[in-house]
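Let's take a walk through this structure together. Have the view open and ready to rotate as you read.

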Amino acid sequence: MTKLAERVRTLPPYLFAELDRKKEIVMKRGVDVIDLGVGDPDLPTPSFIVSAMAKEIKKAENHRYPSYTGTLAFRTAVAEWYKKRFRVSLKPQTEVIALIGSKEGIAHFPLAFIDPGDVALVPDPAYPVYEIGTKFAGGKVHRMPLLEKNGFLPDLSKIPERVRKKAKVMFLNYPNNPTSAVATKKFFRDVVDFARAYDIIVVHDAAYTEIYYEGPPPPSFLQVPGAKKVGIEFHSLSKTYNMTGWRIGFACGNADLVGGLGKIKTNVDSGAFTAIQNASIVALKKGDGSVEKLREIYRKRRDIMVKSLQEAGFSPFLPTASFYVWMPVPEGMTSSEFAGAVLEKAGVVCTPGVGFGQSGEGYVRFSLTVPEKRLREAARRMRELKV
Ligand SMILES: *Cc1c(COP(=O)(O)O)cnc(C)c1O
């Protein structure tokens with residue numbers, strides 16, 4: 001009776017279990033552990049958004065079941081934001097859908113488009129939801145290694161012909177978690193050509209487009225000609241406005257893809273809380289100043305951490321976007337061994353790259369989501385680290 005379903009029994013092992021256990025032991029010893037493992041912003045949601053929410057939550061009309069696809073006002077605000085930020089036109093009625101966080105939408109999307117045995121092309125290393133969502137739908141995963149020599153972009157020419165023919169969906173994520181790589185429009189153009197040639201749906205996870213430091217702001221996949229014929233883009237207010245706990249995001253792009261996801265959602269959830277959608281409209285319309293301040297804070301943290309790691313003799317990549325620092329581990333160590341040693345000797349938690357996929361082996365990820373004072377302390381300990 002209590003036997004778990006096959007799809008749960010075959011879930012990949014939780015790769016951070018060993019590190020979590022070590023963290024417990026080190027903390028019990030009384031070490032002041034600094035956790036740079038999780039990618040959850042430490043800063044509060046900007047107060048103008050919280051104030052908007054305080055007003056909205058008092059309105060009785062917001063207490064009823066929300067609209068399945070999101071209110072037209074929310075979807076219109078998303079379309080206006082896309083126009084302003086990316087110069088991409090979207091029809092709010094058919095090309096935008098509200099989500100209960102983008103993770104929800106990404107996890108449900110394969111149920112609408114992947115049949116048992118269909119193949120999804122999934123980057124490696126990656127956010128685990130692409131693979132899990134595919135498998136929950138009965139699909140098979142073909143991994144696309146993200147290698148340093150290719151700027152952590154997948155090499156499309158390496159995907160075998162038979163896999164291309166069977167592939168139904170390709171997942172991408174730029175600015176990238178965990179590598180912090182940014183995609184060029186040229187790469188996105190190549191992806192559109194590839195997708196049209198092999199009739200593949202492109203799912204682009206764009207959670208970090210607003211967290212950038214240098215160069216032109218990261219592009220939207222939908223900015224490339226023809227992208228809306230093949231693709232859907234997932235976005236989130238979580239990282240841009242420090243709203244991870246609110247659970248609000250959206251997907252936009254091809255109307256059939258947005259509509260298909262909507263069909264699944266109509267049958268499994270009942271939409272995002274209307275009060276949150278209304279507060280999010282305020283965030284999208286008036287949030288530019290707060291995001292600019294947020295970028296300045298992360299930029300300072302990034303500079304502190306990268307400089308210290310360099311002084312300690314490491315060679316981290318300088319992220320131009322996202323709030324992660326991706327770093328090769330010293331020769332002769334696995335990413336888990338290095339993360340274990342950093343925890344043991346410096347009391348700092350970082351994430352072993354292998355936890356994001358086999359091609360993440362040889363790297364670790366530091367998250368910049370702790371206050372500057374803590375980050376300076378972590379940086380000081382890293383400078384003194386001998387592994
Ligand atoms: C944080 C994150 C998300 C956003 O998730 P939400 O469900 O919107 O909070 C999506 N994709 C990646 C790669 C992330 O790191």
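**From one tyrosine to the cores**

Start at Tyr241, which touches Thr45, Pro46, Ile49, Trp81, Ala283, Leu284, Gly287, Ser290 and Val291, leaving aside residues up to four places away in sequence. Keep in mind as you look around that this is a predicted model.

Tyr241 also helps us find our way into the interior. It is one of the residues with the most contacts inside the largest nonpolar core, a set of 59 residues, along with Tyr82, Leu121, Met170, Tyr174 and Phe221. Helix α4 (residues 72-86) supplies the largest share of this core, with seven residues. At least three residues come from each of domain 1 (6-44 + 289-384) and domain 2 (47-287). There is also a second, separate core of 38 residues, with Ile304, Tyr324, Val342 and Phe366 among its members. In soluble globular proteins, nonpolar side chains tend to be buried together.

Now turn to the ligand. It is surrounded by 14 residues, of which Asp205, Ser236, Ser238, Lys239 and Arg247 are the closest. In Asp205, a side-chain N or O atom sits 2.6 Å from a nitrogen atom of the ligand. Ligand oxygen is involved elsewhere: an oxygen atom is 2.7 Å from a side-chain N or O atom of Tyr208, and an oxygen atom is 2.9 Å from one in the side chain of Asn177.

Finish at helix α11, whose 14 residues run from 255 to 268. At its N-terminal end, Asn254 acts as a cap, with a side-chain oxygen 2.9 Å from the backbone nitrogen of Asp256. Which residues of α11 are buried? They are Leu257, Val258, Gly260, Leu261, Gly262, Ile264 and Lys265.

Note on methods
Residues are numbered from 1 along each chain as its sequence is written. This is a predicted model: local features need pLDDT of at least 70, side-chain atom pairs count only at pLDDT 80 or more; totals for chains, interfaces and linings use all residues. Side-chain values use heavy atoms; hydrogens and water are left out. Helices (H or I, at least four residues) and strands (E, at least two) are DSSP runs, numbered from the N terminus. The expected span of a helix is 1.5 Å times one less than its number of residues. Buried means under 20% relative accessible area, exposed over 50%, partly exposed in between (1.4 Å probe, protein chains only). A polar contact is a pair of N or O atoms within 3.5 Å; within protein, one must be able to donate a hydrogen and the other to accept it, and residues adjacent in sequence count only if both atoms are side-chain atoms. A nonpolar core is a set of buried Ala, Val, Leu, Ile, Met, Phe, Trp, Tyr and Cys residues joined through side-chain atoms within 4.5 Å. Domain bounds come from an automatic or database domain assignment. Contact means heavy atoms within 4.5 Å. A residue is near a molecule or strand if one of its heavy atoms lies within 4 Å of it.
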